[in-house]
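Reader: I've got a chain to look at before lunch. Can you walk me through the cross-links and charge pairs?
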Amino acid sequence: MTTGRPRILVVGVGAIGGIVAARLAAHADVVGLDTNAPHAQAIAGQGLVVEGASSHAARFPCVTQASDLGAQAFDAIVFLVKSKATASVLQALRAQLEHRPLLVTLQNGMGNAEVLADAGLPVARGVTMSAGRYVAPGRVEHLIAGTTWIGPVQGTPENLRWFGELLTRSGLPCEVIGDPMDAVWSKFVFNCVMNPVGALVGGSNAARYDVPEVRELIDEMAAECQQVVRALGGSFAFDPMAFVHKVRAGEIPRSRHAGSMALDIARGAETEIDELTGWIVRHGDRLGIPVPACRTVTRLVKGLEYAARERHSSDKQETHP
C-alpha cells in the first residue's frame with residue numbers, strides 16, 4: 001500500500017457497497033463505480049446518505065463506467081457487484097490493475113474470488129453479516145450491522161491486514177483470518193437458503209418465519225446445502241442458520257429485510273440464483289447427493305425471475321408507447 005491516505009475504489013455502491021464506501025470515505029480517498037446512472041449522479045452531486053442501523057452521509061466521486069476513471073491508481077478495489085458482472089468489470093479495469101491493487105470480494109455466491117485471482121494480484125475473499133438495501137438515488141438503508149471476515153486467496157494475511165484495520169477504523173468491524181473459507185461457507189449456505197425463499201414469498205420476512213411449511217422448506221434446504229459443502233471438504237466457522245434459529249426463538253428481533261434476491265425480483269433484475277442455490281444443485285448432482293428442495297426452489301426462482309422481467313418490460317412499454 002502507498003503511504004498516506006489510502007485510495008479505494010468500490011465497484012457497486014448499491015446496498016452493502018454504498019455502506020462500505022460511505023464508511024470508508026471518512027478515512028480514505030474513495031471513488032465509486034456503479035452502472036445505476038441516477039444513483040451515481042446523485043452521489044457525485046449531493047453525496048450518499050445512509051440511514052437505518054448507522055446513519056451518516058458521505059461525499060465522494062462516483063462514475064458509471066470504468067473508462068471514466070482514466071489512469072487513476074488505487075490501493076484496493078472492492079467488488080460488490082452481482083457475481084455475473086465480476087469478469088467483465090475486472091476486464092474493464094485493466095488500467096487500474098497495472099498499479100497492482102489489492103482485490104477484495106465481499107460478494108454473494110461462489111466463483112468471484114477465482115475470477116479475480118486470474119489477474120495475478122493479491123486477492124482477499126470475505127463475507128459480511130451486515131445487510132442493506134438500495135432505497136433511491138443517493139440513498140441506501142443499513143438494515144443489519146454485523147462483523148466482516150476477510151482472508152487471503154492469493155498473498156498472505158499481512159498483504160491485507162491494513163485493509164481490515166481500515167474497515168474496523170471506519171466503523172465496520174473486520175477480522176483478518178488466515179483461511180476465510182469456513183466463514184465464507186457459513187454465509188454462503190445462509191444466502192443459498194434465505195435469499196431465494198425471501199424472493200419466493202414476495203419479500204415478506206414474516207412469511208419466512210411464521211409459515212410452518214416455509215420453515216420446513218428452509219430447514220430442508222439448509223440440510224441439503226450443508227451436506228454438499230461437507231462433501232466438498234468444507235466446514236463452517238459458525239452455524240449457517242444460527243441467525244435464523246435466534247430469530248425463531250425470539251432472541252433477536254426480526255427485521256423487515258427478506259434478502260437481496262427479493263429486491264432484485266421487485267425491480268425486474270437478474271438474480272444470483274445460479275451462483276447460490278443453483279451452485280449447490282450442480283455440485284449435488286456431480287457428487288450424487290439428492291437436493292430436491294434446492295432444485296425445486298432454483299427452478300421456481302428462475303421462473304419468477306423471467307416473470308419479473310416480462311412484467312417490467314410491459315410496464316416500460318405502457319409508459320413509453
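Reader: How many disulfides does the structure hold?
Author: Zero. Keep in mind that this is a predicted model.
Reader: Which cysteine sulfur is nearest to that of C294, and how far away is it?
Author: That of C225, at 3.7 Å. C294 is in no disulfide, because the cut-off for a pair of cysteine sulfur atoms is 2.5 Å.
Reader: Is C294 buried or exposed?
Author: Buried, with a relative accessible area of 0%.
Reader: And C174, buried or exposed?
Author: C174 counts as buried too, at 13% relative accessibility. The cut-off for buried is under 20%.
Reader: OK, charges now. How many salt bridges are there?
Author: The count comes to 15. One of them pairs D29 with R5.
Reader: How far apart are the closest N and O atoms of D29 and R5?
Author: They are 2.7 Å apart. D29 is in strand β2, residues 29-33. R5 sits in the segment before β1, which covers 7-11. The two are 24 residues apart in sequence, so the salt bridge ties those parts together.
Reader: What about accessibility for D29 and R5?
Author: D29 is partly exposed at 32%. R5 is partly exposed as well, at 41%.
Reader: Which residue does K84 meet in a salt bridge?
Author: D274, with 3.6 Å from N to O. K84 is in the loop between β6 (76-79) and α3 (86-92). D274 is in the loop between α11 (260-266) and α12 (277-287). They are 190 residues apart in sequence, so this pair ties together two distant stretches.
Reader: How accessible are K84 and D274?
Author: K84 is partly exposed, at 35% relative accessibility. D274 is also partly exposed, at 22%.
Reader: Which residues are linked with K84 and D274 in a network of salt bridges?
Author: E275, K302, E305 and R309.
Reader: Switching to helices. What does R248 form a salt bridge with?
Author: D219. The closest N and O atoms are 3.0 Å apart.
Reader: Where do R248 and D219 sit?
Author: R248 is in helix α10, residues 242-248. D219 is in helix α9, residues 212-231. The pair is 29 residues apart and links distant parts of the chain.
Reader: How accessible are R248 and D219?
Author: R248 has a relative accessible area of 30% and is partly exposed. D219 is partly exposed at 37%.
Reader: Good. Quick recap?
Author: Zero disulfides, and 15 salt bridges.

Definitions and conventions:
Residues numbered from 1 in each chain as written. Predicted model: local features only at pLDDT ≥ 70, side-chain atom pairs only at ≥ 80, totals over all residues. Heavy atoms only, no water. Salt bridge = Lys/Arg side-chain N within 4 Å of Asp/Glu carboxyl O. Helix = DSSP H or I, 4+ residues; strand = E, 2+ residues; numbered from the N terminus. Buried < 20%, exposed > 50% of the residue type's maximum accessible area, 1.4 Å probe, protein only.
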